[in-house]
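Q: I have a model open and I'd like to learn how to read it. Can you take me through the features one at a time?

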Amino acid sequence: MSASGPGAHGRGRDAAGPDEAGPDNAGPGERAPAARVADGGAHERSVIDDGTAQGHAGHGATTARPGSQWVLLVCLLALAALFALWYLLPGRHWIAGLTVFVLPPALLAAGVALRSRLAGYWAGVLALFWFCHGVMLAWSSPGERLYAWIEVVLALAVIFSANLAGLKARLGRKRG
């Protein structure tokens, strides 16, 4: 049986043997190339020769959270609190207030806290609806104008903080 067969000292087919090049067989003073391994999810990470892992941006606790993500998280929690005060405390529209207004920003805040890119995307999309809702009520309902203006400001903050990384990447490219 060959050294690369499945029964070769418990190694799989792709494991490098003692005479073959591999990440663990770099010579003295040589840096082994980074290997790509799956972490069980949809993400990959780089494993350096000393066994440490370098996660991609937005994955794991190895990278610092950008300031715009903190702003997004705080604004989503503030929107959930605003909608709870607006719809749930007065005792009217319980089901609509909870399912349509309070739960979406709260669940998106949980997704942002867990560093989900989709949560930031959907927060930006839903913030467009919150913005329209706030403008409509600020224009048509004088009794709810203060809540509506706060909703408009928070929705704008969510839109910009959710899209700031993409704007920086797009506007930071050199043209030509």
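Q: What covers the buried residues of α1?
A: Keep in mind that this is a predicted model. To read burial in a helix, list its buried residues and then look at what sits over them. For α1, the cover includes α2, α3 and α4. The buried residues themselves are S68, L72, L73, C75, L76, L79, A80, L82, F83, W86, Y87 and L88.

Q: Let me step back a bit. In what order do the elements of the protein run from the N terminus?
A: They go β-β-β-α-α-α-α, so to speak a tally of four helices and three strands. Of the 176 residues, 28% count as buried. The accessible surface comes to about 11,700 Å², with 65% of that belonging to carbon and sulfur atoms.

Q: And how many of the contacts link residues far along the chain, as a percentage?
A: Take the contacts with a separation of 6 or more: residues 24 or more positions apart account for 46% of them.

Q: Which residues have the most contacts inside the largest nonpolar core?
A: For a core, ask who is in it, then which elements supply it. This one has 27 residues, and those with the most contacts inside it are L72, L76, L79, F83, W86, W130 and V158. At least two residues each come from α1 (67-88), α2 (94-113), α3 and α4 (145-171). The most come from α1, which gives 10 residues.

Q: What does W130 touch?
A: Leave out residues up to four places away in sequence, and W130 touches L76, L79, F83, P104, P105, L108, A123, E151 and A155. W130 is also one of the buried residues of α3, along with A119, G120, A123, G124, A127, H133, G134, L137 and A138. As for what covers that set, it includes α1, α2 and α4.

Q: How do I check the length of a helix such as α3?
A: Compare the expected span with the distance between the end C-alpha atoms. With 24 residues at 1.5 Å a residue, α3 should span 34 Å, and its end C-alpha atoms are 35 Å apart, so the two agree. You can do the exercise again on α1: its 22 residues should span 32 Å, and the ends are 31 Å apart, which agrees too.

Q: What caps the N-terminal end of α3?
A: Look for a side chain that reaches a backbone nitrogen at the helix start. Here S116 does the capping, with a side-chain oxygen 3.4 Å from the backbone nitrogen of L118.

Q: What is the phi of R115, and where does R115 lie?
A: Start with the general rule: most residues other than glycine have a negative phi. R115 is not a glycine, yet its phi is positive, at about 65°. You'll find R115 in the loop between α2 and α3. It counts as partly exposed because its relative accessibility is 24%.

Q: Where does M136 lie, and is M136 buried or partly exposed?
A: M136 is in helix α3, residues 117-140. Its relative accessibility is 48%, so M136 counts as partly exposed. For a distance to try yourself, go from M136 to A148: they are 12 residues apart in sequence and 8.2 Å apart in space, C-alpha to C-alpha.

Q: How many aromatic pairs are there, and how do I read one?
A: A search of the whole structure finds eight. For each, check the centre distance and then the angle between planes. The rings of F83 and F101 have centres 5.1 Å apart and planes at 50°, so this pair is tilted. It links distant parts of the chain, with F83 in helix α1 and F101 in helix α2, 18 residues apart. Both F83 and F101 are buried. Y121 and W122, by contrast, form an edge-to-face pair, 5.1 Å centre to centre with 80° between the planes. W122 is partly exposed because its relative accessibility is 43%.

Q: Which residues do ring pairs link into a cluster?
A: F83, W86, Y87, F101, W130 and Y147.

Q: Is E151 buried or exposed?
A: E151, in helix α4, has a relative accessible area of 0%, so it is buried. With a buried polar side chain, look for its partner: the E151 side chain makes a polar contact with that of H133, at 2.9 Å. Beyond its neighbours within four places in sequence, E151 is in contact with L79, L82, F83, W86, W130, H133 and G134.

Technical notes:
Residues numbered from 1 in each chain as written. Predicted model: local features only at pLDDT ≥ 70, side-chain atom pairs only at ≥ 80, totals over all residues. Heavy atoms only, no water. Buried < 20%, exposed > 50% of the residue type's maximum accessible area, 1.4 Å probe, protein only. Core = buried A, V, L, I, M, F, W, Y, C linked by side-chain atoms within 4.5 Å. Contact = heavy atoms within 4.5 Å. Expected span 1.5 Å × (residues − 1). Polar contact = N/O pair within 3.5 Å; in protein donor to acceptor, adjacent residues only side chain to side chain. Areas by Shrake-Rupley, 256 points an atom, 1.4 Å probe, with all protein chains shown as cover. Phe/Tyr/Trp six-rings, centres within 6.5 Å; stacked < 30°, edge-to-face > 60°.
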